[in-house]
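The exercises that follow ask you to read a single chain residue by residue, and each is paired with a solution worked in steps. Keep the sequence and the model in view while you work.

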Amino acid sequence: MNKLRTIRKIVTGKHTVDGAGVKLVRVIGRDDTKEFDPFLMLDAFDSVDPDDYIKGFPWHPHRGIETITYLIQGEIEHGDSLGNTGRILTGECQWMTAGAGILHQEMPKASERMLGVQLWLNLPAKDKMVPPKYHGIRKEDIPVIDEGDRQIHILSGIYGGKTGAMEGEYCKPLLLDVEVRAGAEWSLAIAANATLFIYIFQGAGTFGSDRLIPAKHAVLFDETGTFLVRASNEGIRFFLMAGEMLQEPIAWGGPIVMNTREELQLAFRELEEGKFIKS
């Protein structure tokens with residue numbers, strides 16, 4: 001086997017409250033943009049108490065990013081300024097390109113368990129103001145490769161000769177939901193100099209060393225080599241994210257991420273003047 005990617009950083013994130021009162025863990029965020037480029041933010045949620053999330057995320061704006069919401073279990077209602085409405089159900093995904101500007105709301109519904117993540121993917125400077133788009137990805141749209149001891153759900157990118165439910169028009173990340181049974185191994189060659197990190201939903205595993213890393217941790221890897229995981233005796237399920245770095249300046253204000261302070265100020269001025277949504 002080629003050189004293995006070694007662990008660069010392990011993070012647990014911070015418990016926080018967002019939206020109208022949703023309890024979640026901000027795994028990565030504003031202070032992590034250089035290390036995790038092109039990924040801006042990862043929020044993780046896991047609760048069996050609807051009071052933790054039922055207040056949801058009422059109408060709010062986005063510009064300059066893409067948001068990817070993936071549910072392992074639960075239900076979220078969605079609506080946006082493009083006129084899209086719908087639900088994200090267990091095993092489904094929502095991919096929203098905010099581009100030049102969109103207003104939307106995400107309202108979780110009481111479920112037996114609410115388990116999933118929302119990932120913010122940066123848009124390149126040249127694509128910050130593209131027209132907004134919404135993609136609802138059903139469970140049956142996500143290819144699953146069964147390798148016996150491993151199951152790989154392909155949300156985005158190509159794995160095993162199969163193309164995922166989405167490719168991405170601007171940044172083209174590899175997004176995989178990977179399940180590895182107890183004691184089994186799984187490896188993947190990732191392009192050199194691409195950012196690679198995972199978030200562990202369930203179980204535990206080792207990654208090219210003897211250190212056992214449990215659920216609710218994110219692991220960032222060095223920029224070259226092959227990714228390797230060995231599942232613990234309870235197995236492991238994790239979300240793998242890999243993408244080419246943009247290496248561009250970031251100006252971040254709440255739900256809006258641009259490249260310069262001037263662009264950020266313009267966005268908030270347009271919000272105040274009712275000019276945020278472009279025709």
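## Exercise 1: Ala 242 and its surroundings

Ala 242 counts as buried, at 5% relative accessibility. The model is a predicted one, and the task is to place Ala 242 in its secondary structure element and to list the residues that it touches.

Solution. Begin with the element: Ala 242 lies in strand β22, which covers residues 226-244. Next, leave out residues up to four places away in sequence; Ala 242 then touches Phe 39, Pro 173, Leu 174, Ile 190, Thr 195 and Leu 196. Finally, look along the chain to Arg 5, which is 237 residues apart from Ala 242 in sequence, while the two C-alpha atoms are separated by 13 Å.

## Exercise 2: Thr 195 and the loop before β4

Determine whether Thr 195 is buried or exposed, and find which backbone oxygen lies 2.5 Å from a polar atom of its side chain.

Solution. Thr 195 is found in strand β19, residues 194-206. Its relative accessible area is 4%, and because the cut-off for buried is under 20%, Thr 195 is classed as buried. The backbone oxygen in question belongs to Asp 37. Asp 37 is joined to Pro 38 by a cis peptide bond, with omega at about 15 degrees, and Pro 38 has its place in the loop between α1 (33-36) and β4. Most peptide bonds are trans. The contacts of Thr 195, not counting residues up to four places away in sequence, include Glu 35, Phe 36, Asp 37, Pro 38 and Phe 39, and also Leu 220, Met 241, Ala 242, Gly 243 and Met 245.

## Exercise 3: Two positive phi values

Find where Asn 193 and Gln 247 are placed, and state how accessible Asn 193 and Gln 247 are.

Solution. Most residues other than glycine have a negative phi. Asn 193 nevertheless has a positive phi of about 70 degrees, and it is found in the loop between β18 (185-189) and β19. For Gln 247 phi is near 55 degrees, again a positive value in a residue other than glycine, and its place is in the loop between β22 and β23 (251-253). With a relative accessible area of 45%, Asn 193 is partly exposed, whereas Gln 247, at 65%, is exposed.

## Exercise 4: The annotated binding site

At which residues does UniProt place the feature "binding site", and what is the largest C-alpha distance among them?

Solution. The unreviewed UniProt entry places this feature at His 60, His 62, His 104 and Glu 106. These residues are spread over 47 residues of sequence, yet they cluster in space, with a largest C-alpha distance of 12.7 Å. His 60, His 62 and Glu 106 from this set belong to the lining of the largest pocket.

Now take two of the histidines in turn. His 60 has its place in strand β5 and is buried, with a relative accessible area of 18%; its side chain reaches the backbone oxygen of Pro 58 at 2.7 Å. Leaving aside neighbours within four places in sequence, His 60 is in contact with Ile 102, Leu 103, His 104, Gln 105 and Glu 106. His 62 is also found in strand β5 and is buried, at 2% relative accessible area. The side chains of His 62 and His 60 make a polar contact at 3.3 Å. The contacts of His 62 beyond four places in sequence include His 104, Trp 120, Pro 255, Ile 256 and Phe 276.

## Exercise 5: The largest pocket

How many residues line the largest pocket, and which elements give two or more residues to the lining?

Solution. The largest pocket has a volume of about 450 Å³. Its lining is made up of 24 residues, of which the closest to the centre are Asp 18, Arg 26, Asp 43, Phe 57 and Gln 118. The elements that give two or more residues are β3 (22-28), β4 (39-47), β5 (57-62), β10 (102-108) and β11 (114-122). Sorted by residue class, the lining divides into 12 nonpolar, seven polar and five charged residues.

Note on methods
Residues are numbered from 1 along each chain as its sequence is written. This is a predicted model: local features need pLDDT of at least 70, side-chain atom pairs count only at pLDDT 80 or more; totals for chains, interfaces and linings use all residues. Side-chain values use heavy atoms; hydrogens and water are left out. On a 1 Å grid over the protein atoms alone, a cavity is a set of points where a 1.4 Å probe fits but cannot get out, and a pocket is an open set with protein on both sides within 12 Å along at least five of seven lines; lining residues have an atom within 4 Å of a point. Grid points are joined across faces, edges and corners, and a volume is the space filled by probe spheres set on the points. Helices (H or I, at least four residues) and strands (E, at least two) are DSSP runs, numbered from the N terminus. Ala, Val, Leu, Ile, Met, Phe, Trp, Tyr, Cys and Pro count as nonpolar, Asp, Glu, Lys and Arg as charged, and the others, Gly among them, as polar. Buried means under 20% relative accessible area, exposed over 50%, partly exposed in between (1.4 Å probe, protein chains only). A polar contact is a pair of N or O atoms within 3.5 Å; within protein, one must be able to donate a hydrogen and the other to accept it, and residues adjacent in sequence count only if both atoms are side-chain atoms. Contact means heavy atoms within 4.5 Å. UniProt positions are given in the numbering used here, feature names are shortened, and annotations may be inferred rather than shown by experiment.
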